[in-house]
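The exercises below are meant to be worked with the sequence and the coordinates side by side. Each task is followed by a solution that proceeds step by step.

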Amino acid sequence: MSDLNQCTITGRLGADVEIRRTQDGKPIANLRVASAETWRDRNSGERKEKTEWFNVVIFSEGLCKVAEQYLKKGSHVLLQGKIATRKWQDQSGNDRYSTELVLQGFDAKLIMLDGPSGEGKQQRRESEPQSGHDHQDGTNGGSYMRDLNDDIPFSCEWR
């Protein structure tokens with residue numbers, strides 16, 4: 001049995017996507033993603049929050065294009081890739097190490113969890129006109145088809 005290096009995170013971008021290009025013009029996207037968890041303290045009942053920050057590097061050309069065009073600070077995303085640690089030297093010549101989530105190859109995923117302008121699914125549905133075809137569970141039956149007809153895909157997955 002082989003080992004598996006695969007990591008999936010969801011979170012929000014802490015800054016706009018930074019695009020660099022290699023000497024032959026291929027894009028490389030850098031993201032900073034915050035993934036937060038919240039809970040209530042058992043003793044005080046106070047709401048607590050802990051945020052982890054992830055450095056993400058995208059080498060896949062198709063995913064770089066999606067990130068550059070549609071993602072911005074605050075975008076909610078699901079990312080799947082491999083964890084990699086690279087060694088580099090700072091200005092003083094000291095060795096430094098960075099651990100990153102790397103999206104590269106056929107198994108890399110980038111899924112936009114909110115709309116193209118940054119609004120969440122619930123906000124988006126509330127702003128849609130009602131079709132008059134309500135299901136027993138109270139959901140609007142026509143909203144799925146309207147999502148499919150958007151100019152920009154609601155979620156995007158490249159393989």
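Helices and strands are taken here as DSSP runs, numbered from the N terminus, with at least four residues for a helix and at least two for a strand. By this numbering L4 lies in the segment before β1. The model is a predicted one.

**Exercise 1. Establish how many helices and strands the protein has, in which order they follow, and what confidence the prediction carries.**

Step 1. The secondary structure amounts to three helices and seven strands, and along the sequence these elements are arranged as β-β-β-β-α-β-β-β-α-α.

Step 2. The average pLDDT of the protein is 80, and 72% of the residues reach at least 70. Over residues 121-159, however, the pLDDT is below 50, although this stretch has 49 contacts in the model beyond near neighbours in sequence.

Step 3. For the protein as a whole, 31% of the 159 residues are buried, and the accessible surface is about 11200 Å², with 45% of that area belonging to carbon and sulfur atoms. Among contacts between residues at least 6 apart in sequence, 54% join residues at least 24 apart.

**Exercise 2. Determine which residues of the largest nonpolar core touch the most other members, and which element gives the most to this core.**

Step 1. The core has 21 residues, and those that touch the most other members are L31, V56, I58, L71, L79, L103 and L110.

Step 2. At least two residues of this core come from each of β1 (7-13), β3 (27-40), β4 (47-58), α1 (61-70), β5 (76-89), β6 (95-103) and β7. The element that gives the most is α1, with four residues.

Step 3. I58 can serve as a worked case: with neighbours within four places in sequence set aside, its contacts are P27, I28, A29, L31, L63, C64, A67 and L103.

Step 4. Turning to the helix itself, the buried residues of α1 are G62, L63, C64, V66 and A67, and the elements that cover them include β2 (18-21), β3, β4, β6 and β7.

**Exercise 3. Classify C7 and C64 as buried or exposed, and find how many disulfides the model contains.**

Step 1. The cut-off needed is that a residue counts as buried under 20% relative accessible area. C7 is therefore buried, since its value is 17%, and C64 is buried as well, because its relative accessibility is 1%.

Step 2. A disulfide would require a pair of cysteine sulfur atoms within 2.5 Å, and by this rule the count is zero.

**Exercise 4. Describe where D114 and Q80 lie, whether each is buried or exposed, and what surrounds them.**

Step 1. D114 belongs to the loop between β7 (109-112) and α2 (121-126). This residue is classed as buried because its relative accessible area is 3%.

Step 2. A polar atom of the D114 side chain lies 3.1 Å from the backbone nitrogen of H76.

Step 3. Q80 is a residue of strand β5, and with a relative accessible area of 10% it is likewise buried. Apart from neighbours within four places in sequence, Q80 is in contact with Q6, C7, T8, L103, D107, A108 and K109.

**Exercise 5. For T38, K87 and L4, work out the class of accessibility and the spacing to a residue elsewhere in the chain.**

Step 1. T38 is in strand β3, and its relative accessibility of 40% places it in the partly exposed class. Its C-alpha atom is separated by 8.8 Å from that of T51, 13 residues apart along the chain.

Step 2. Beyond four places in sequence, T38 is in contact with R47, K48 and E49, and the side chains of T38 and R47 are joined by a polar contact of 3.5 Å.

Step 3. K87 is found in strand β5 and is exposed, with a relative accessible area of 52%. The C-alpha atoms of K87 and T99, twelve residues apart along the chain, lie 9.1 Å from each other.

Step 4. Not counting residues up to four places away, K87 touches D95, R96 and Y97, and the K87 side chain makes a polar contact of 3.3 Å with the side chain of D95.

Step 5. L4 is exposed, with a relative accessible area of 68%. Between the C-alpha atoms of L4 and K82, which are 78 residues apart along the chain, the separation is 9.0 Å.

Key: Residues numbered from 1 in each chain as written. Heavy atoms only, no water. Buried < 20%, exposed > 50% of the residue type's maximum accessible area, 1.4 Å probe, protein only. Polar contact = N/O pair within 3.5 Å; in protein donor to acceptor, adjacent residues only side chain to side chain. Core = buried A, V, L, I, M, F, W, Y, C linked by side-chain atoms within 4.5 Å. Contact = heavy atoms within 4.5 Å. Areas by Shrake-Rupley, 256 points an atom, 1.4 Å probe, with all protein chains shown as cover. pLDDT = per-residue confidence, 0-100.
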